[in-house]
Amino acid sequence: MTPRTFRKSAEKYPSRKYNGKNYCRYCGRELAGRKTSFCNYRCIADFLIHTDSTQFRNYIIARDAGICQLCGFGCAHNGIVHHIVSIANGGSEFDERNAILVCKQHHDELHSIESNKTKEKFKAMFGVTEHVVEHE
Ligand SMILES: [Zn+2]
Ligand SMILES: [Zn+2]
Ligand SMILES: [Zn+2]
């Protein structure tokens, strides 16, 4: 995980206090009692998923059931969370709609300079082709 990215992303959810009242950093609801940052564990979990690379990765692995979305191979332990639109091309790093779990082999093929069946399949599924860039 990169601290720089974490900071940039966490800033999207600053502490919020107006007129002596505190509001949830994640969902923006007014907080009851002595709470100053989040409503509940659900909002804390959502905040972490959307600001912390490790938590985001774990979330995508769980959502995709540990299976490569291109070949159906189980890859919970060595799979890679691949951004559909790469961050270098303006894709959102912490948007779950922009990430899928893929196995090492198919990830390598997605980032290959050569055209191949995996890239064709990916393009058919997501309509995106530009993947010759490396991850950060
Ligand atoms: Zn909340
Ligand atoms: Zn695969
Ligand atoms: Zn990738």
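Lys104 counts as partly exposed, because 13 C-beta neighbours lie inside 10 Å, a number between the limits of 12 or fewer for an exposed residue and 20 or more for a buried one. Lys104 belongs to helix H4, which covers residues 104–110. Leaving aside neighbours within four places in sequence, Lys104 is in contact with Asn78 and Ile80. Its C-alpha atom is separated by 8.9 Å from that of Cys68, although the two residues are 36 residues apart along the chain. These statements, like those that follow, refer to a predicted model.

The confidence of the prediction may be considered next. The pLDDT of the protein averages 90, and 89% of the residues score at least 70. Among the elements, strand S4 has the highest mean pLDDT, 97, and helix H1 (residues 3–10) the lowest, 68. Where pLDDT is low, the predicted coordinates should not be read in detail.

The protein contains five helices and four strands. From the N terminus on, these elements follow the order α-β-β-α-α-β-β-α-α. Of the 136 residues, 25% are buried. Among contacts with a separation of 6 or more, 43% join residues 24 or more positions apart.

Strands S3 and S4 pair in the antiparallel sense, over four bridges. Within this pairing, Val81 stands opposite Leu101 in S4, and His82 has Ile100 in S4 as its bridge partner. In a regular strand the side chains alternate between the two faces of the sheet. Both faces of S3 are covered: Ile80 and His82 are buried on one side, and Val81 and His83 on the other. In S4, Ala99 and Leu101 point one way, Ile100 and Val102 point the other way, and all are buried.

Residues of these two strands also enter the largest nonpolar core, which has 12 residues: Cys68, Leu70, Cys75, Ile80, Val81, Ala99, Ile100, Leu101, Val102, Cys103, Leu110 and Phe122. The elements that give two or more residues to this core are S3 (80–83) and S4 (99–102). The largest share, four residues, comes from S4. In soluble globular proteins, nonpolar side chains tend to be buried together. Leu70, one of the core residues, touches Val102, His106, Thr118, Lys121 and Phe122, not counting residues up to four places away in sequence.

Two of those partners of Leu70, Thr118 and Phe122, are buried residues of helix H5 (residues 117–126), as is Lys119. Seen down the axis of H5, the buried residues fall within an arc of 95 degrees, so they line one face of the helix. An α-helix has 3.6 residues a turn, so residues three or four places apart point the same way. The buried residues of H5 pack against H4, the helix in which Lys104 has its place. The face of H5 turned away from the buried side carries the exposed residues Lys117, Glu120 and Ala124. Just after H5, Gly127 takes a positive phi of about 70 degrees.

Positive phi values also occur at two residues that are not glycine. Most residues other than glycine have a negative phi, and most peptide bonds are trans. Asn19, not a glycine, nevertheless has a positive phi of about 50 degrees. Asn19 lies in the loop between strand S1 (16–18) and strand S2 (21–23), and counts as exposed because it has 4 C-beta neighbours inside 10 Å. At Ala65, phi is near 55 degrees, again a positive value in a residue other than glycine. Ala65 is found in the loop between helix H3 (53–63) and S3. With 10 other C-beta atoms within 10 Å, Ala65 is exposed.

A further loop, between S2 and helix H2 (41–49), holds Gly28. Gly28 is exposed, because 11 other C-beta atoms lie within 10 Å, and the limit for an exposed residue is 12 or fewer. Gly28 and Phe38 are 10 residues apart in sequence, and the distance between them in space is 8.7 Å, C-alpha to C-alpha.

How values were computed: Residues are numbered from 1 along each chain as its sequence is written. Chains are lettered from A and ligands numbered from 1 in the order in which they are written. This is a predicted model: local features need pLDDT of at least 70, side-chain atom pairs count only at pLDDT 80 or more; totals for chains, interfaces and linings use all residues. A nonpolar core is a set of buried Ala, Val, Leu, Ile, Met, Phe, Trp, Tyr and Cys residues joined through C-beta atoms within 7 Å. Two residues are in contact if their C-beta atoms, placed from the backbone, lie within 7 Å. Two strands pair if DSSP finds at least two bridges between them. pLDDT is the predictor's confidence in each residue, from 0 to 100. The arc is that of the directions from the helix axis to the C-beta atoms.
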